[in-house]
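Trainee: Could you help me learn to read a protein structure, one feature at a time?
Mentor: Gladly! Let's look at it together.

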Amino acid sequence: MIAQLPTGTRQSALAVGSFGVAAVLAILAAWLSALVIEARSAQAVRSQLLDQGMTWAEVRADGLQVQLSGTAPNEAARFRAVNLAGAVIDANRVRDLLDVPPVTAIEAPRFSIEMLRNDDGIQLIGLLPMGDAKDSLIEQSRGITDEANVADMLETASYPAPEGWDSAFGFGIEALKLLPRAKVSVSAGRVSVTAIADSEAERRRLEAELGRLKPDGLAVVVEITAPRPVLTPFTLRFVLDDQGARFDACSADTEKSRDRILAAGAVAGVTGKTNCIVGLGVPTPSWAEASATGIRAVTELGAGTITFSDADVSLSAPETVSQDAFDRVVGELQTALPQVFSLNATLERKATTPAAGPAVFTAKLAENGQVELRGRLTDGRLRDAVSSFAQARFGVGKVYIATRMDEDLPDGWSVRVLSGLESLAELAHGDLLVRADTVEIKGITGSQAARARISQILSDQLGQGQTFKVSVTYDEDLDPLAALPTPQECADDITAALAKSKITFPPGSAEIDGQTVVIMDALAKILEDCTTAQMEIAGYTDSQGSEEGNRALSQARAEAVLLALQGRGVEISNITAKGYGEANPIADNGTEEGREANRRIEFALLGQPAPAAGTGQAVAAASVETPAADPAQDAVPQGLGDDSPSVAPTEKTRRPLARPARDG
């Protein structure tokens, strides 16, 4: 039997239970309300921040508190995020746990200056680092020109000079002092010089001096132009004798005309380099045609000399040429020459009796600059004129004259003597012989243009049909400009070196073969003196493999050549490397020989027009040989597609597969 609780006791127990249940329900309701408030608060703050683009902030509720964490881009963004959260919920509930990156130093500005110099003065424009660079530049500029002619548009910034600035700045000032008409642009590690020279010789001198002043490691771009000289008279002289074929003088009005003239000379037997001046003053656009025709005429005679002086043409053949051959060639030449030209032709003959007491005038220029004048002159006035002229050309106190008077000298004797002395002054040392029938100049010179200048002087002053002989030898040791070759000469020397040997790579590889050490050493030796030449090493492949793979391989090979040159001490700041893949083929990719020719390394002068294929001018090319290899070892993995440039294509000489057609 269960005991029955008293009525009062049961009522008390029910009351306690009711209060307990109510308490639990109240706690549960409060807890649920807190969760709702937390979720809604966090969601409201999160929505507000996202609406303002603050995706970097993380929002988390912790009880009634809302915590903001994450990394704000700056202090202002952090402050704004906290304010936005405080606008949504009670600011006292917001806890700022945001981070801000440390403040970094403000990046220094790019320092650069442009220095412009011309006849009106110097203009200085740009931004310099802190220090005395501005004052130094202005002071040195005022030392070059009048103070009033220095335009100061320089600004300074309170930042230290960047790496490479000091050497570039110093070289830029030296270039400004050296070049009277120039723009010198200076930035950290690089100087660009654009200038105008009075002549080609002056251009070469300035380039040589800039090359000497250039600091190691500084990238320098030099572009010096020279106006075409005015040639008076416009002269060309071609000689074919027992010493071979040569040009004593060569002039042309365009590069195309020069190439045509030199090609005609090469066919006639001219070897080596010919200094053919491109200038102004040509008497007719048919100059190259007439010159080539005259060269062919001398070649057909087998010996002789042809001289073009403006529109006057003089052809002289030795006595070894038969009269019949001479008449035939002269007749054909007369018909072939454009109408503007006038031809005078002479066939030399031996004198039947020796001339008694021939009239002779001689001059001897010694290596020390002393000149001895001997022989015959017409009278005292000519003697005084010759003495004054010689002292003006060779120096006062350096002329010894021991001549005799002869009133019966041939007509034009004074012109022969004076033009001969003017020609002799073009030599370092040599001899002059003047006779009634000819003027002869022989000696040594340190100028590549001396022989052409002598031929120009004599052809102009002696007149059409008058004979003269020029036997001048160029001595490089006497040439002050010979130490630094021109960019074109650099390209020609590289062409000659690559014609003897080739740069080779293993199949599908960008690593230069060890057997190419000799050619790489030769190229490095040439480029030692070509620091001012701006060149590009261009890599090419054949058409096998993917285009992207070919381009990647050619780029890697060009860079390998560049690095190999740098490793040999070559200054490469003016040399770039670029891979062109299978572009610009020079032969048929459908043949083994053609594909081998297309796999090549080229050295090209930058800033000059590209030459026609095979001319050898401005571009030096080397075929890239790929030694024979096991086809299985040289195969390219298939199925990788054209989007895998890291896979080197093969270069085996096999017939290329047809590519799938492309849209467009």
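Trainee: Which side chain has a polar atom 3.0 Å from the backbone nitrogen of L154?
Mentor: That side chain belongs to D152. Please keep in mind that we are looking at a predicted model. D152 sits in strand 6, which covers residues 150-157.

Trainee: Which residues does D152 touch, not counting those up to four places away in sequence?
Mentor: They are L124, K134 and I138. You can also compare distance along the chain with distance in space: D152 and G126 are 26 residues apart in sequence, yet 9.5 Å apart from C-alpha to C-alpha.

Trainee: Is D152 buried, exposed or partly exposed?
Mentor: Its relative accessibility is 39%. Buried means under 20% and exposed means over 50%, so D152 counts as partly exposed.

Trainee: What about T516, buried or exposed?
Mentor: T516 is buried, because its relative accessible area is 2% and the limit for buried is under 20%. You will find T516 in the loop between helix 12 (487-500) and helix 13 (517-527). Leaving aside neighbours within four places in sequence, T516 is in contact with K502, I503 and T504. For the whole chain of 664 residues, buried residues make up 40%.

Trainee: How do I read a sheet?
Mentor: Start with the general idea: strands of a sheet pair through backbone hydrogen bonds, either parallel or antiparallel. Then follow the order of the strands. One open sheet here has five strands in the order 11-10-14-15-16, and its pairing is mixed.

Trainee: Which strands of that sheet stand at the edges?
Mentor: Strand 11 (244-249) and strand 16 (342-347) do. Each has a single partner strand, so one side of each is left without a neighbour in the sheet. From one strand to the next, the twist averages 10 degrees.

Trainee: How many bridges join strand 15 to strand 16, and do the two run parallel or antiparallel?
Mentor: There are six bridges, and the two strands run parallel. To see one of these pairs, find A317, whose bridge partner in strand 16 is L347.

Trainee: What lies across the strands of this sheet?
Mentor: Helix 11 (residues 450-462) lies across strand 10, strand 11 and strand 14. The helix runs at about 70 degrees to strand 11.

Trainee: How do I follow the chain between two paired strands?
Mentor: Try strand 18 (residues 371-377) and strand 19 (residues 399-405), which pair in the parallel sense over seven bridges. R374 stands opposite A402 in strand 19. Between the two strands, the chain passes through helix 9 (residues 380-394), and this β-α-β crossover is right-handed.

Trainee: Which residues have the most contacts inside the largest nonpolar core?
Mentor: They are F238, I261 and F308, in a core of 37 residues. Several elements each supply at least two residues of this core, including strand 10, helix 6 (255-268) and helix 8 (323-336). Helix 7 gives the most, with eight residues.

Trainee: What is F308 in contact with, leaving aside its neighbours within four places in sequence?
Mentor: Among its contacts are F234, L236, W287, V313 and F341. There is also a second, separate core of 33 residues, which includes A175, A182, A195 and L206.

Trainee: How do I spot unusual backbone geometry?
Mentor: Here is the general idea: most residues other than glycine have a negative phi, and most peptide bonds are trans. Now look at the bond from T232 to P233, which is cis, with omega near -5 degrees. P233 is placed in the loop between strand 9 (219-225) and strand 10.

Trainee: Which residues have a positive phi without being glycine?
Mentor: One of them is D310, with phi near 55 degrees. D310 lies in the loop between strand 14 and strand 15, and is partly exposed at a relative accessible area of 27%. Another is N584, with phi near 50 degrees. N584 belongs to the loop between strand 24 (575-579) and helix 15 (592-598), and counts as partly exposed at 46% relative accessibility.

Trainee: How many helices and strands does the chain have?
Mentor: The chain has 16 helices and 26 strands. Happy exploring!

Notes: Residues numbered from 1 in each chain as written. Predicted model: local features only at pLDDT ≥ 70, side-chain atom pairs only at ≥ 80, totals over all residues. Heavy atoms only, no water. Helix = DSSP H or I, 4+ residues; strand = E, 2+ residues; numbered from the N terminus. Buried < 20%, exposed > 50% of the residue type's maximum accessible area, 1.4 Å probe, protein only. Contact = heavy atoms within 4.5 Å. Polar contact = N/O pair within 3.5 Å; in protein donor to acceptor, adjacent residues only side chain to side chain. Pairing = 2+ DSSP bridges. Axes fitted to C-alpha atoms, helices over the stretch in contact; angles between N-to-C directions. Right-handed = clockwise from strand over helix to strand, strands pointing away. Core = buried A, V, L, I, M, F, W, Y, C linked by side-chain atoms within 4.5 Å.
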